[in-house]
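Student: I'm new to this structure and would rather get to know one part well than skim everything. Please pick a spot and take me through it slowly.

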Amino acid sequence: NNEGYYVLHNPAIFELGDPSIKKKDMLYSYIDMGLNSGNGDVILKNVPYYNESDILSSYFTAIYHENGKDWWIIKPKHASNIFLTFLLDSDGIKLIHEQALGNVFDPENASSGGTAKFSPDGKMFAYFNTSDQLRVFDFDRSTGQFSNIRTAIIGEQDEALFSSVEWSPNSQFLYISTMENLYQLEIDDGNLE
């Protein structure tokens with residue numbers, strides 16, 4: 001809002017020689033724009049709102065609520081098919097529900113190997129990594145619920161871990177990138193075929 005900003009962050013702490021993540025708290029900081037001659041100042045820093053170690057490092061995303069003032073925050077759990085849905089409103093950030101969706105994320109490659117994005121029109125959500133491949137869901141911006149899962153295998157499964165997904169501005173196309181290739185999919189009435 002005009003008075004300030006929430007900065008949502010999800011730091012991952014590693015120890016040298018150990019590939020497992022030691023801490024995965026979901027945190028927020030708040031910048032009050034009325035301070036420091038209108039340049040803003042941090043008044044709350046690193047406040048945890050979910051402090052379990054069972055979340056993926058990637059796929060952290062948010063989208064406006066249908067009401068135009070609140071926000072939905074989405075984060076999947078590690079080695080599961082559970083998506084956490086938080087609501088940021090005038091009362092702060094709170095977990096609204098957990099929803100099981102599709103297949104279990106690959107426990108080895110999913111955490112840092114892909115991305116998730118909402119379509120610009122807010123009606124769909126997609127995630128991609130080379131192990132789990134593409135998943136597209138419908139999203140209800142009034143309830144924060146996912147539905148109508150669609151899947152697609154995109155080309156050959158690359159050996160590379162890193163990949164990404166992005167929407168076109170008109171929400172008609174999905175772009176999938178891997179280390180070797182770039183794909184374009186037309187989303188026609190939600191159909192991936």
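**The largest pocket and the strands around it**

Tutor: Let's start with strand 1, which gives four residues to the lining of the largest pocket, the most of any element. A strand here is a DSSP run of E at least two residues long, a helix is an H or I run of at least four, and both are numbered from the N terminus. Keep in mind that this is a predicted model, where local features need pLDDT of at least 70 and side-chain atom pairs count only at pLDDT 80 or more, while totals for chains, interfaces and linings use all residues. Residues are numbered from 1 along each chain as its sequence is written, and side-chain values use heavy atoms, with hydrogens and water left out.

So what's a pocket? It's an open set of points on a 1 Å grid over the protein atoms alone, where a 1.4 Å probe fits and protein lies on both sides within 12 Å along at least five of seven lines; a lining residue has an atom within 4 Å of a point. The largest one has a volume of about 470 Å³, meaning the space filled by probe spheres set on the points, which are joined across faces, edges and corners.

Who lines this pocket? There are 14 lining residues, and N1, Y6, K69, W71 and L88 are the ones nearest the centre. Strand 1 (4–9), strand 6 (61–64) and strand 8 (82–89) are the elements that each supply two or more of the lining residues. By type, the lining has eight nonpolar residues, three polar and three charged. In that split, Ala, Val, Leu, Ile, Met, Phe, Trp, Tyr, Cys and Pro are nonpolar, Asp, Glu, Lys and Arg are charged, and the others, Gly among them, are polar.

Now follow strand 6. Its side chains take turns: T61 and I63 face one way and are buried, whereas A62 and Y64 face the other way and are not. Buried means under 20% relative accessible area, exposed means over 50%, and partly exposed is in between (1.4 Å probe, protein chains only).

Strand 6 runs antiparallel to strand 7 (residues 71–76), and four bridges join them; two strands pair if DSSP finds at least two bridges between them. Look across from A62 and you'll find I73 in strand 7. Six residues sit between the two strands of this hairpin, and G68 has a positive phi there, near 80 degrees.

Step over from strand 7 and you reach strand 8. These two are also antiparallel, with six bridges joining them. I73 turns up again here, since its bridge partner in strand 8 is F86. So you can trace a little path from A62 in strand 6 to I73, and from I73 on to F86. The hairpin of strand 7 and strand 8 has five residues between the strands, and A79 takes a positive phi near 50 degrees in it.

How covered is strand 8? Eight of its eight residues are buried. I82, L84, F86 and L88 point one way, F83, T85, L87 and D89 point the other, and both sets are buried. Compare that with strand 6, where A62 and Y64 on one face are not buried.

On we go to strand 9 (residues 92–100), which pairs with strand 8 in the antiparallel sense over eight bridges. Two residues lie between the strands of that hairpin, and F83 has Q99 as its bridge partner in strand 9.

F83 and Q99 also share a neighbour: F146, which touches both of them. F146 belongs to strand 13 (residues 145–152), and it counts as buried because its relative accessibility is 4%. Along the chain, F146 and F83 are 63 residues apart, yet their C-alpha atoms are separated by 9.3 Å. If you leave out residues up to four places away in sequence, F146 is in contact (heavy atoms within 4.5 Å) with I74, F83, T85, Q99, L101, F118, F125, F137, D138 and F139.

Finally, zoom out. The chain has 16 strands and one helix, and 44% of its 193 residues count as buried. Among contacts with a separation of 6 or more, 43% link residues 24 or more positions apart.
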